[in-house]
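Work through the exercises below with the sequence and the 3D view side by side. Try each task before reading its solution.

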Amino acid sequence: MIPAFFRLECHDQLGSTNDVAKQAAEAGAAEGLVVQALRQTAGRGRLGRSWSSPEGNLYISVLLRPACAAQEAGHYSFVAALAVYEAIATTRGEDGVAFKWPNDVLIHGKKVSGVLIETGLRADGSVDWLVIGVGVNVSAAPKDTPYPATSLWDEGATTRVEAVRDAFLSGLHHWSQTLRRDGFDPVRRGWLADAQRGPLTVRTQDGETHGTFAGLDEKGGLILRLADGGERVIYVGDVLRG
Ligand code: BT5
């Protein structure tokens, strides 16, 4: 069952569910709109990358209008990752499931899900709308990605897209309410409990940084312990290797 807060709009095919949700947001749609497509022809990842979107997987975008500042919007990527984790735990079981900073979900070290958050801001810098775009590989994963990918079916589940979607929306409702009510701390703790740890190589604008996972700061930045004993906090980047 989908929580009553959401209104689901399901399309056979779209360019990108995020684009349709963003257009609705700009046109004044109320929060709770959910746009799903059975396949996408122009699925997007972060930083202009593309998202492989054949039929058989979950592609969904959720419109929220939280009363928060632009800097807090990134908290929702952790909320979304927690909701994906719960959807996988419910439909497949949680064996081997982990979070990869900032917002990927892995099974046995391979990417099964990604999150793309986009926002529209008011003149005063507060958030007008926030779209949470989520892809979960249910039955198919691309073979040619730099970071290995997997699907729920590859990982032993026989679950259907609708079951993953409904469990995801329940989890999203729960964790976004938690964030609004209690702030980022419980979300951060939930994410940290299952985060990919150990040595990490992270690519940022200034090149590659090697370090050991040392936590998540209050803004959602990745804290890395460096070989010289210092720490670096990274806000935008990609973990290349665990
Ligand atoms: C993400 O970006 O992981 C965010 C993906 C968000 C997709 C959803 S689907 C519904 C909504 N509508 C959209 O148009 N987008 C959202 P990023 O961290 O930049 O990862 C992208 C990279 O992952 C690509 O460059 C590929 O290397 C790899 N990749 C592409 N498709 C993949 C897939 N299906 N599974 C695993 N990895 C994939």
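The exercises go from the sheet to single residues and then to the pockets.

The model is predicted: local features need pLDDT of at least 70, side-chain atom pairs count only at pLDDT 80 or more, and totals for chains, interfaces and linings use all residues. Residues are numbered from 1 along each chain as its sequence is written, and side-chain values use heavy atoms, with hydrogens and water left out.

**Exercise 1. Trace the open sheet and find its edge strands.**

Step 1. Fix the terms. Strands (E, at least two residues) and helices (H or I, at least four) are DSSP runs, numbered from the N terminus. Two strands pair if DSSP finds at least two bridges between them.

Step 2. Read the order. The open sheet has seven strands, β1-β2-β3-β7-β6-β5-β4, and its pairing is mixed.

Step 3. Find the edges. β1 (7–14) and β4 (97–100) each pair on one side only.

Step 4. Add the twist. From one strand to the next, the twist averages 20°.

**Exercise 2. Describe how β1 pairs with β2, β5 with β6, and β6 with β7.**

Step 1. Start with β1 and β2. They pair in the parallel sense over seven bridges. Cys-10 has Gln-36 in β2 as its bridge partner.

Step 2. Move to β5 (residues 104–107). Three bridges join β5 to β6, and the two run antiparallel. The bridge partner of Val-105 is Ser-113 in β6. The hairpin of β5 and β6 has two residues between the strands, and His-108 takes a positive phi near 45° there.

Step 3. Finish with β6 and β7. Nine bridges join these antiparallel strands. Leu-121 stands opposite Val-127 in β7. Ile-117 stands opposite Ile-132 in β7. Five residues lie between the strands of this hairpin, and Gly-125 in the turn has a positive phi of about 90°.

**Exercise 3. Where is Val-34, and is it buried or exposed?**

Step 1. Place Val-34. It sits in strand β2 (residues 33–40).

Step 2. Apply the cut-offs. Buried means under 20% relative accessible area, exposed over 50%, and partly exposed in between (1.4 Å probe, protein chains only). Val-34 is buried, because its relative accessible area is 0%.

Step 3. List contacts, meaning heavy atoms within 4.5 Å. Not counting residues up to four places away in sequence, Val-34 touches Phe-6, Arg-7, Leu-8, Glu-9, Ile-60, Ser-61, Val-62 and Leu-169.

Step 4. Widen the view to the strand. Six of the eight residues of β2 are buried, so β2 is largely enclosed by the rest of the structure.

**Exercise 4. Compare two residues of the loop between β7 and α3 (161–182).**

Step 1. Take Thr-159, which is found in this loop. Thr-159 counts as buried because its relative accessibility is 8%. Beyond four places in sequence, its contacts are Thr-91, Val-138, Leu-152, Trp-153 and Val-164.

Step 2. Take Ala-149, also placed in the loop between β7 and α3. Ala-149 and Lys-110 are 39 residues apart in sequence, yet 4.8 Å apart in space, C-alpha to C-alpha. Leaving aside neighbours within four places in sequence, Ala-149 contacts Lys-110, Lys-111, Ala-141 and Pro-142.

**Exercise 5. What lines the largest pocket and the second largest pocket?**

Step 1. Define a pocket. On a 1 Å grid over the protein atoms alone, it is an open set of points where a 1.4 Å probe fits, with protein on both sides within 12 Å along at least five of seven lines; lining residues have an atom within 4 Å of a point. Points are joined across faces, edges and corners, and a volume is the space filled by probe spheres set on them.

Step 2. Take the largest pocket. It holds about 790 Å³ of space. Its lining has 36 residues, and Gly-45, Arg-49, Ser-50, Trp-51 and Lys-111 lie nearest its centre. β6 gives the most to this lining, with four residues.

Step 3. Take the second largest pocket, with a volume of about 500 Å³. It is lined by 22 residues, of which Gly-74, Ser-77, Asn-103, Tyr-235 and Val-236 are closest to its centre. β6 supplies the largest share of this lining, five residues.

How values were computed:
Axes fitted to C-alpha atoms, helices over the stretch in contact; angles between N-to-C directions.
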